[in-house]
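I sat down with this one to see what could be looked up in it. My notes are below, in the order I took them.

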Amino acid sequence: MPLAACYLHLDLHFKSSSLTEARWSAKPLSVIGIDKKGNTVCSLVCGKHSDIYSRAIQGVSEIFNLEVELINVDQLVAANRPKGSVNYLKFMAMRFCFCPQLFNSWFIEDLRSIMQQHGRVKGDEA
Amino acid sequence: MNIVYYCFAGAHASVVASAIHCGLLPTDRTPSADEFLNIPFYDRTLPTLIGRPYLMGCDERQNNVYFMGMWNQREKITSTIQCLLNLAGWKESTYILQDAFPLINFSTKFGGLLSKRYSFTQLGRSMTIWGMQRQYPAFVKLVYNVKNRLE
């Protein structure tokens, strides 16, 4: 999900092969690109420890005066996904199964509309 | 320069290491139980705030010394922090991230579990201190090595 969100933010074409590549990356933080405003867009995979990562990154950014904005894509999607059991199943399948080929087109469109609602696409904010 | 000691919960190992670094604990003898309890934050950091860095103080060279807990994600969180700092242009020579967790023994781990998770604070705290006193020379050596890296 964070990788897909980064691709949407950068207005890049998202392929399922990108997910497969990212899956084998040993490091949780990957630099995906630089948006039109010059912000570096990164994907952070932190599993169920998002709160610990979030506190650590915020704390370190205060110590070192870094400008970091964290966007919890899981939380954003969970709070804004369309209602209904089918959508819930799609969301759960995307979140807990790893089958991007199946869920790619469904999910990317949902994610795009959620991110557009929150001004997170095409470098509006970073 | 900023120095960050980290461990599992940010309540014992990193607190003691950072306190030694700041001169709040002696390096020539093993501190008493009261001295451990007088360190700010010792066994008092909240498990719900794991991940947050706390400032312990400054050393004799005016370096800021912090401690933090990273749960079982120490390797991954340090790699994330290093990557972020690298992106922001901070060179590795301008900060130190030091793991203090490998130094603690079973007594401190078990005491920490009793104190923080099962709320047997008195018993757990005593066990952590007993364990810390046994491992204290190793902590002094760790801080000595970190200070050597600063020179």
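What follows is my set of entries, chain A to begin with, then the contact between the chains, then chain B.

**Before anything else**

I'm keeping in mind that this is a predicted model.

**Chain A, overall**

I looked up the elements and got six helices and two strands for chain A. Read from the N terminus, they go α-α-β-β-α-α-α-α. I then checked burial: 25% of the 126 residues of chain A count as buried. I also looked at the contacts in chain A with a separation of 6 or more, and 54% of them are between residues 24 or more positions apart.

**A:I32**

I picked one residue of chain A to look at in detail. A:I32 sits in strand 1 of chain A. Is A:I32 buried or exposed? I found 19 other C-beta atoms within 10 Å of A:I32, and a residue needs 20 or more to be buried, so A:I32 is partly exposed. Leaving out residues up to four places away in sequence, I have A:I32 touching A:C6, A:L10, A:V41, A:C42 and A:S43. I looked up one of these partners, A:C6, by distance: its C-alpha atom is 6.8 Å from that of A:I32, though the two are 26 residues apart along the chain.

**Where chain A meets chain B**

I looked up the contact, and it takes 18 residues from chain A and 22 residues from chain B. On the chain A side, the elements that give two or more residues are strand 1 (29-34), strand 2 (40-44) and helix 3 (50-63). Which of them gives the largest share? I found that helix 3 of chain A does, with nine residues. I sorted that side by class too and got twelve nonpolar, three polar and three charged residues.

**The sheet in chain B**

I moved on to chain B and found an open sheet of four strands in the order 2-3-1-4, with mixed pairing. Strand 2 (54-58) and strand 4 (95-99) of chain B are the edge strands, each pairing on one side only. From one strand to the next, the twist averages 20°. I then looked at strand 2 and strand 3 (residues 64-69) of chain B, which run antiparallel and are joined by four bridges. In one of my lookups there, B:C58 had B:N64 in strand 3 of chain B as its bridge partner.

**Two loop residues with positive phi**

I noted that most residues other than glycine have a negative phi. B:Q62 has a positive phi near 65° and is not a glycine. I placed B:Q62 in the loop between strand 2 and strand 3 of chain B. With 7 other C-beta atoms within 10 Å, B:Q62 is exposed. B:W71 isn't a glycine either, and its phi is positive at about 55°. B:W71 is in the loop between strand 3 and helix 3 (74-87) of chain B, and it is partly exposed, with 19 other C-beta atoms within 10 Å.

**Helix 1 of chain B**

I saw that helix 1 of chain B lies across strand 1 (2-7), strand 2 and strand 3 of chain B, and runs at about 175° to strand 3. How do the axes of helix 1 (residues 13-22) and helix 5 (residues 121-150) of chain B cross? They cross at roughly 55° and come within 9 Å, so the two helices are oblique to each other. The crossing is right-handed. From helix 1 of chain B, I listed B:V16, B:A17, B:I20 and B:H21 as meeting residues of helix 5 of chain B, including B:M132, B:F139 and B:V146. By class, this contact has nine nonpolar, one polar and no charged residues.

Methods. Residues are numbered from 1 along each chain as its sequence is written. Chains are lettered from A and ligands numbered from 1 in the order in which they are written. This is a predicted model: local features need pLDDT of at least 70, side-chain atom pairs count only at pLDDT 80 or more; totals for chains, interfaces and linings use all residues. Two residues are in contact if their C-beta atoms, placed from the backbone, lie within 7 Å. Ala, Val, Leu, Ile, Met, Phe, Trp, Tyr, Cys and Pro count as nonpolar, Asp, Glu, Lys and Arg as charged, and the others, Gly among them, as polar. Axes are lines fitted to C-alpha atoms, for helices over the stretch in contact, and angles run from 0 to 180 degrees between N-to-C directions. Angles under 35 degrees count as roughly parallel, over 145 as roughly antiparallel, 65 to 115 as roughly perpendicular and the rest as oblique. A crossing is left-handed if the near helix is turned anticlockwise from the far one by less than a right angle, and right-handed if clockwise. Two strands pair if DSSP finds at least two bridges between them. A residue is buried if 20 or more other C-beta atoms lie within 10 Å of its own, exposed if 12 or fewer, and partly exposed in between; C-beta atoms are placed from the backbone.
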